[in-house]
Each structure stands twice: as C-alpha cells, then as structure tokens.
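Grab a pencil and work through a few short exercises on the structure shown below. Try each task before you read its solution.

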Amino acid sequence: MSNYFVRRLLTMMGTLLVISVLVFVIVQLPPGDFLSNQIAELQSQGEMVPTEKIEFLRKEYGLDKPVHEQYLRWVIGLVQGDMGYSFEHNLPASEVIGDRLFMTILLNFGTILFIYMVAFPIGVYSATHQYSWGDHGLTFLGFLGLATPNFLLALILMYLSHRWFGTDIGRMMAEQYLDQPWSMDKALSVLFHMWVPVFVIGTSGTAGMIRRLRANLLDELQKQYVVTGRAKGLPPGRLLVKYPLRMAINPFVADIGNLLPQVVSGSVIVSFVMGLPTTGPVFLDALLSQDFYLAGSFLMFLAALTVMGMFVSDLLLVALDPRIRMGGRLRK
Amino acid sequence: MTDLLIVRDLKVDFHTQAGVVNAVNGISFRVPEGGTVALVGESGSGKSVTAQAIMGILPRTAEITGGEILFHDPKRTRVVVPPERRRAFTDLANLPPNTREFRSIRGNSISIIFQEPMTSLSPLHTIGDQIREALLLHREISASEARDMTIEMLGMVGFPNPQRAFDAYTFELSGGLRQRAMIAMALVCRPSLLIADEPSTALDVTIQAQILKLIKDLQAELNMAVLIITHDLGVVANIAEEVVVAYNGSVVESGTLDDIFSRASHPYLKALLRAVPHFNMKDGERLVPIREIEHQAGHLLSAKEPWPETDMQPPLLEVRGVTKTFRMRRETGILKVGKSTSIKAVDDVSLKVRRGKCLGLVGESGCGKTTLSKIILSAMTPDAGEVLFDDRGDVVDLTRLDAAAMVPLRRKIQYVFQDPFGSLNPRMTVFEILSEPLVIHNIGDDAYRREMVTELMRLVGLDPRFLNRYPHSFSGGQRQRIGIARALALKPDLLICDEPVSALDVSVQAQILNLLKDLQSELGLTYLFISHNLAVVDYVADDIAVMCGGRIVEVAPREVLFAEPVHPYTKALLSAVPYPDPDRCLDFTALMEGRASDPDAWPHPFDVTAAGAPSLLDFGQGHMVRTHATPQLVENQ
C-alpha cells in the first residue's frame, strides 16, 4: 500500500511538471507580453512612454531573459510557494486570487452540496420508479435544467426578484457590507445572497447528476446479486442501499478529481452576470491582458488541484472497492 | 410423506410492450417434505418463472393471475401470523411479496440458488458478510454468533479454510467455490425447501458432479426438500425422486423418476429424451431433434477446389509442440518493475487433425483450449512450436507467416463462436453479416454475393426472405446457424467450432449438431470441435484429445477413448458426466474429490517426477497417453 502511495505521488509530480511546461507555452503563445500590450495601449491613447522606463520594467520582471530562464524562474518560484507578481493589479498574484478564493470555495462548495442533496434522492427515486409519472416528471424538470443556460436563468431570476420584491439579488452580500470586516450580520447576508447563485449554478449540475445516477442505478438494479438479496428476505430499502447504490456510487467517487478544480475556478459567466466576487472573472481578465504570472500560476493551481483530486478519488476508490484494492493479488 | 409445497394451477403473465405473455399457464405440482422434485423444461417453458413466483421475487412486469402456491413450514411456528390466520398452509400466491410475513419466509424457510455463480453475489462485500446477513435477518442472534454459524456453514459446503473464506471476496474464488458460497447462503438459515435454479449448468462437468453431490449430502443432513430446476436430463436422473416436465408454461408430464425415464408417454418428453446425445449411441445413430431442419447445399458451395492426387496424405492441420506463456505482473517495488509470475496456458501441445475428419478437443474452462484455437487462427503468436496447415499439398507453418501472407489462408480456416448473441453485430442485417467475409476478401461481384448469401441461408435451413432482418429477431439456435453460415461463406477447409452448442437448449443442440455433421460430409469439411461436453464430442468427433492444465493428456480415436480411458483425468471426466438414465448414477468416488484436474494429484506414472513431466506415450491404434511408464507397466499396476 505504501509503495502504491509513493509511486502515485511521484507520478503526480511528473504530471505537474509536464503541465507547467504546457501552461507556460500556451500562456506565452500569443505574440507580445503584458508590457508590450500596455505600451501599445498607452501609445494608442497618444501618450509617450520613455524607453528607459520600459527597459527598466523589462529587467524588473525578467522579460528580457531567454524563455527557458523565465520558465525556470517561474517554476522555482512556484515550488517555493511564490506565485509571482500580477502586472495588472500591481499585487502578488497570491493576494489577487486569495481574496476571492474564499468566496469562490464557499459558493461552489454550497453548489456541490446542493447538487448532491437534490440529485441523489431524485436519481434514486427515478431509478427505482422507472417510467412512473414521478420519474417522467422529474426527468422532464431535469432536462429543463440541463437545457437552460445558467446565465439566462441568472438574468431571469434577477429580473423577477427586482420586479416582484424590489431587491437586488446579485453579488454575494448586501452592498453595505462590501469591504467591511466580517461580522455576524455580514455572514448572514452572505448566506442569504448565496442561495440564488447556488441554485443557478446547481441546476444544470443537478440535472446531469440525476441522469447519470439513474442510468447507473438502473444498470445495477438488473444485476443478479440484487435478486439474490431479495431472495434472502432483505427489505427493499436496506437492499437498495447496501448493494446497488453502493455499486452505483463508484463513478461519482471517480469524479471527485474533476470536482475540486470546478470548485475553485468558479462559473465565469454567471459570476459576471451576477457580479459575484469569484476567481473566474479575474482569471479571464488575466488571460486577456497576458498577465502571465497571474494566469499561469492560477492555471497551475487548478492543475495541482485536479491532480490532487484524482489522487484523493483513487484512494477513496481503493478504500471502497475491494476489486481495485486487491486487483494485484488475484487468486484463481 | 406430507406435502411441503403445493403449486396448483399457477398462472403468471408478463406485461410487455408487445402485449401480455402467458409465461406460466397452469402449472401444478407438489414437493413432499424432504423430497427432491425436478422441474424440467427448455428455456421459455416457464420453469424459472415458477421458481420466482414461489420465492416472491418475480420481476415487476410479471403478475400472478391465478392459482395458488400453498406452503407449510413444519420447522417453524410463525409468530408473525395472527392466530385466526394460522392455518396449516400459507398461500404465497396471494401474499404480497413485500410484506413482513413473506420476507420471513423468503431466505428463511424457502431459499434459492441461481445458475450464475459469477454474478449472483456482490463483488463489493465479503462472502461472509453476505451469508451472515441472511442469519441476522431471520434470527435473533448477535453478529459474532452469526459469524460462527456462517463459518460452520462454509465448512459444511466444503470450503477448505472456512475462517479465511469468511473474509474472501467473490472474485478471489473459482466458479465452483462461488456456487458453494451461494449454497451456504441459501442453507445458513436451515430452510425446509431449497430451490436450485440450474445450479450446475454454468459449471464444468467435474465441478457440476461435486455440486450435485454436495446438494444431495446437505439435503440428507439438514432434512430439507429440494426443487431442482434444470434442462439437463442427466442431472435429473442423478438427483431427483419425482419429475415434472414443463413445456410452454404448462406441465405435460409428471411422475416418479422411473415413470419418466422408462415409461415416458408424452411425445414432447419422448422427443426430448431422443434429442440428448449419450454414450450408448450406436455407430451412425442420429439424434432426433424436436424440430428437424431442412437444408440444402447449392452449386456455389459444393464447387470446391480439388485436392492434388497424391498417395501422401498429411493431416490438414498439425500442431507441433506449441507453447504459450502469459506473464502476470506483480507490483512489488516503488519504481522497479515487479517480478512477474508466468502461467503456461498452452504447454507443448501437439495435435493432428485428419482431413475430412473431426477432432474433438475436450477440457474444462481454463485448460487452454481457447488459447490453442486462437493460436491456430494466428490471432495469437505462440512462444514456441509450429502450426502446419496443408494448403492443397503445400504445407505452410502459420506461425511463420506475416499478416499479408496470412490473408489468403484465413479463407481456409474459419471459426464458429460459442455465444450466438455476442458474435453477431446487432446493427447489421443478416445479409450484411453473411456477405461481409466476401467483401473483406474481395470475392465476386454483387450478383455472386447475393446468390452466395441466398445459398448460405438455404444451407443452414433458414429462409432467404429473412436476409433483411437483424439478429435480434432470431432465436439462439437460428443465430448459431447464421454464425455457421458466415463461417462457411468463404468455403473454408477447416472449421474451428468453439463450444458451438453449449449456450443452446437440448432440442436446439441436436439440430445444430446434426447440421454440423451433415455439412461436414456434404462440403468435405474438417472440424476442430472444442467442447467441455463429452457426450457432444462423442457424437460428432472421430478422434478426441483431452486437455488439462495446458497439456494434452490423452489422444485416441473416439471408440478407444470411451472404451479404455487410461489417464486419471480422462477417467474422472468420463465418470463426471451425468447420464439421463436412473440406473447409471454418478460414481462420486471416481471424482478424486475434485482434484482430478490438478496435475499434482495424479498418481504415478502420470505425475510430474524428478525426471520432469511425462511425455505422450503411444499405446497403439493412435491412442496416446501422457505418462512415464510403458503400456505394460500401467497394466501391471
């Protein structure tokens, strides 16, 4: 087991190294860099930029160095926990992200909880009552949620709440708490505001999850071991939870790896529409303005989370499924 | 003897999209206390549905529409039944399956074992956990008491180390052990009635014999009744006291074992008995299928390339010293590649298939027979050895050919698969399936292909009007005929049939076997016929090779092998085949307690000694046995 653990950690590092090269290349791919973009913009506004200053900045940010040195500098910084400096915000990248990270995680964690809490009972119901009216109705609702673009739902909700209640449900908290230190009232306000984006972002995820759980569970319900359980005299509820549901859950555990980066990157479009202070919009800006350290470091952060998530889900699968745990020592 | 279970005029309907199907249409029988009743029939006869109705585990689309299932459990006083309803019998047909009362019967007083030991148990839970669950449901005992009782039960069903077996997962066990675990689960609550739904059909013959013996032994020990559901009359003759024959949802005949086998009166049962291949068949005796297939060979298929006229007639196919080893990687170190363990799937196998004859290759699952057939097809490369094929006087070694040189030879060797459902693409019409080999090898124009395909359909007795249908609209036997027709499309010389009838009902099996025999003589085909069923091989083969643990242990002409088997494995195989004849019951002592397929258990001179593994010795008349000693020595012992 410990061997497996160490080997997995080593492969994870290798994977991250490859990703870092890819990220570096892709972010640097468009012509120019942040400074040349800034200069072009200033020049288009008719301002003169002194050459000495440009040269000074280039040196300062290391943009005059050869590409591989820039890469090394960035990677070594990352390893030491230094995410680099955001040109655009004039702040260390970690500070730019860090501010919004908490809100993003809070929001998306809520969303995931929402998805699981809604989708699981409905998925199980749909599968155990296949082709009943309840199944058809819930399936219809699910497809509706899947088909509606999130931002549209956000716009509609915002419009309706403004029209009927006269309140603004955008943002994560009431306006008077912005930039205020945390207090009980502020926390309550956040909670009150949060359910709308949670609902908006969650609907499509819920629908997808219902469909997958239903399909998985339907497959499992037809298996012979379920009949065996019934023949043993197990009550239907206990039978469902112990055997088919346990089997149907595997794909969801395997999915945790994808979940973690989703939690952090946030839903960019909905965040824009609702004015949510999540990391999504910042990341988009950084990519547009070629703010390399911010964009690159953020991407690396996401990649690390994905790899970590995969690791966690693999470990969970090993714990949950004896077939995976003992695959190595099959006896015939 | 008092009756334990009385089924009276039971009717079960299935509500399908095509309408209502009467799966069971008035089945009546009874099971006496402690007795053994066999419910016999082909698939679709309603026998399994009857079992499900008794257990209250019918699928949701099924509904009991009439009749009664009366059950009385002498072993238990049912406290859950209120006094005014405490009659001698409970009518299970009228008891809603999900009530507490029915659940207290299910798995407790009546339990069931299924055909598929591979899928009947959950792979995520230890077998101990799954068996103990039944005890915890039905008995007021603690988990540790239940554990002890479970371990005791595992010992009773023959687990060599019950303590360890408790914590084993299903995928760690062989098929036979899984079925034993399943039996332990069914019996752990000491039921009064055990329903065994095809308990041994999915198992090898020697394992089947052990499982049947186990059920018989436990039945006496636990004093329970057994309702065995099977299509195998050989199994019936060995285990049952009374027999009920079901056909199309109703009972056509019932009586004691003797009545059924010696005085069968219903034409269906008579036909069924004639359709099963058995060892007492005279030379040239034909099986009589319930529905014979009319077929005809056309001129395209009959026209064959002539063989050169020579005195020398080498075998059409000769396998020489073929060995194939599979390596399994074991994880050991962090970065270093783990030590690999290797398994010799095929070990120094030599065979000769004479032209125009049929060689039967017999062996249990895992003995390497399928690997060998793949090597012959060049779907796999052997580590050593030669596969010599006589291509009209031109003998070539198939293992030395590259992919391009192999293509023309692929037309000469074709394959018939075991599973008639998995081997046909469900998205292709029969026409497309049959013409595909011609398209691949670029043979003929459209007109030729259409004529050829029509001829192929007639050849296997199918109506050419069905050509535009898809495989799902055919029965298992018809699909297998399509598979045979596809294999014949290229006019091959050698046909490798890998268990072609093992997935089919007995009556259909006779059809296919007769068809294969007829085609062989009409088209001058040579067969390599792989099967685990000795009676089937006996019916079609001229020579038989017995394979075990990757090695050929005995080769002989058919009559010789059955008359004078020499190798202990062959003897065990022969003695494990259940005869559909109550006077010839299985001799369980000859089974070597299930160790017959383990080379380490073979006595001298068949064992692996310091001098190494024995090699094939000639006993004359083409009879070869893998042994150390000469024929005389063996006789002297």
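Here come three exercises with worked solutions, all on a predicted model.

**Exercise 1.** Work out the strand order of the open sheet in chain B and find its edge strands.

*Solution.* Start by listing the members: 6 strands of chain B line up as β6-β7-β8-β3-β9-β10, with mixed pairing. Next, look for strands that pair on one side only: these are β6 (110–113) and β10 (250–256) of chain B. Finally, check the twist: on average, neighbouring strands in this sheet are turned by 15 degrees against each other, ignoring direction. Now zoom in on one pair. Strand β9 (residues 242–247) of chain B is joined to β10(B) by 6 bridges, and the two run antiparallel. Within that pair, B:Val245 sits opposite B:Glu253 in β10(B).

**Exercise 2.** Find the strands that helix α6 and helix α7 of chain B touch or lie across.

*Solution.* Take helix α6 (residues 175–187) of chain B to begin with: it packs on the sheet and touches β6 and β7 (193–197) of chain B. Its direction makes about 170 degrees with that of β6(B). Then turn to helix α7 (residues 205–222) of chain B, which lies across β3 (36–40), β6, β7 and β8 (225–230) of chain B. Helix α7 of chain B runs at about 160 degrees to β8(B).

**Exercise 3.** Is A:Val6 buried, partly exposed or exposed?

*Solution.* First locate A:Val6: it belongs to helix α1 (residues 2–28) of chain A. Its relative accessible area is 33%. Buried needs under 20% and exposed over 50%, so A:Val6 counts as partly exposed. Last, see its company: A:Phe5, A:Val6, A:Leu9, A:Leu10 and A:Met13 make up a nonpolar surface patch, together offering about 420 Å² of accessible area.

Terms used
Residues numbered from 1 in each chain as written. Chains lettered and ligands numbered in written order. Predicted model: local features only at pLDDT ≥ 70, side-chain atom pairs only at ≥ 80, totals over all residues. Heavy atoms only, no water. Pairing = 2+ DSSP bridges. Helix = DSSP H or I, 4+ residues; strand = E, 2+ residues; numbered from the N terminus. Axes fitted to C-alpha atoms, helices over the stretch in contact; angles between N-to-C directions. Contact = heavy atoms within 4.5 Å. Patch = residues over 30% accessible without salt bridge, like charges linked within 9 Å, V, L, I, M, F, W, Y side chains within 5 Å. Areas by Shrake-Rupley, 256 points an atom, 1.4 Å probe, with all protein chains shown as cover. Salt bridge = Lys/Arg side-chain N within 4 Å of Asp/Glu carboxyl O. Buried < 20%, exposed > 50% of the residue type's maximum accessible area, 1.4 Å probe, protein only.
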